[in-house]
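Me: I would like to go through this model term by term, asking what each description rests on. Please set the computed values against the cut-offs wherever a conclusion depends on them.

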Amino acid sequence: MLIINKTKISIMKGDITKVKADAIVNAANNRLLGGGGVDGAIHRAGGKEILEECKKIGGCPTGEARITTAGNLPSKKVIHTVGPIYKDGNHGEEKLLYNAYYNSLALAKDNKLTTIAFPSISTGVYGYPKEKAADIAIKAVKDFANKYENMEEIIFVLFSDEDFDIYQEKLRG
Ligand code: AR6
């Protein structure tokens, strides 16, 4: 665990749908209508209320974030963000991934949510190289924590041992 300003930054291995935080973040797509990976898991476990709110919102541009109920999940809210599809790193992917993390945190702050859990956005179906994505994710949360004191805890919830090891190494160093 790392403390930046007044924010705890921690990691855990597991399934984000089981995490009891004020907000969990969904790695969604532009349509916000569900999908595979963590998005599918969140909609399956959270129930149809989440999808109904997503339909009303009507979509989300890459790098931005939107908030809905968490339905049946143990968290209070779901923040849906859209990471970039990784092509070659020369298509603005880094900035878009940074924005996805930063804008999710800003939206949590605006809604007075003080604990937030993130999956490893864009590193599944969207193909972002895991190490590079972890560097960007960690930079975004550190930048946010340095700027604002509102967030009590930011948790990276890693689904695989590989992802967990990458984050453990980077947060140590
Ligand atoms: N809890 C935490 N992490 C998870 C879980 C879970 N339950 N399930 C998967 N992961 P992905 P993307 C990890 O593909 O790359 C969807 O179809 C997974 O191991 O879910 O941003 C959307 O609708 C990986 O490390 O998201 C979009 O179309 C990470 O979550 C598209 O996929 C992200 O993998 C978004 O792709």
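Me: What share of the contacts in the protein chain with a separation of 6 or more comes from residues 24 or more positions apart?

Reply: In this predicted model, residues 24 or more positions apart account for 69% of the protein chain's contacts with a separation of 6 or more, where a contact requires heavy atoms within 4.5 Å.

Me: What makes the protein chain as compact as a globular protein of that length?

Reply: The chain has five helices and seven strands, which follow one another as β-β-β-α-α-β-β-α-β-α-β-α. Its radius of gyration is 14 Å, and the globule rule gives 16 Å for 173 residues; the two are close, so the chain is as compact as a globular protein of that length.

Me: Which residues of helix α1 are called buried, and what does that word require?

Reply: Within α1, residues 37–46, the buried ones are Asp39, Gly40, Ile42, His43 and Gly46, and the word requires a relative accessible area under 20%.

Me: Why are the buried residues of α1 said to line one face of the helix?

Reply: Viewed down the axis of α1, the buried residues fall within an arc of 165°, and therefore they line one face. On the other side of α1, Gly37 and Arg44 are exposed, a term that calls for over 50% relative accessible area.

Me: Which elements do the buried residues of α1 pack against?

Reply: They pack against β3 (23–27), α2 (48–57) and β5 (77–81), while Gly47, just after α1, takes a positive phi of about 90°.

Key: Residues are numbered from 1 along each chain as its sequence is written. This is a predicted model: local features need pLDDT of at least 70, side-chain atom pairs count only at pLDDT 80 or more; totals for chains, interfaces and linings use all residues. Side-chain values use heavy atoms; hydrogens and water are left out. Helices (H or I, at least four residues) and strands (E, at least two) are DSSP runs, numbered from the N terminus. The radius of gyration is taken over C-alpha atoms; the globule rule is 2.2 Å times the number of residues to the power 0.38. Buried means under 20% relative accessible area, exposed over 50%, partly exposed in between (1.4 Å probe, protein chains only). The arc is that of the directions from the helix axis to the C-beta atoms.
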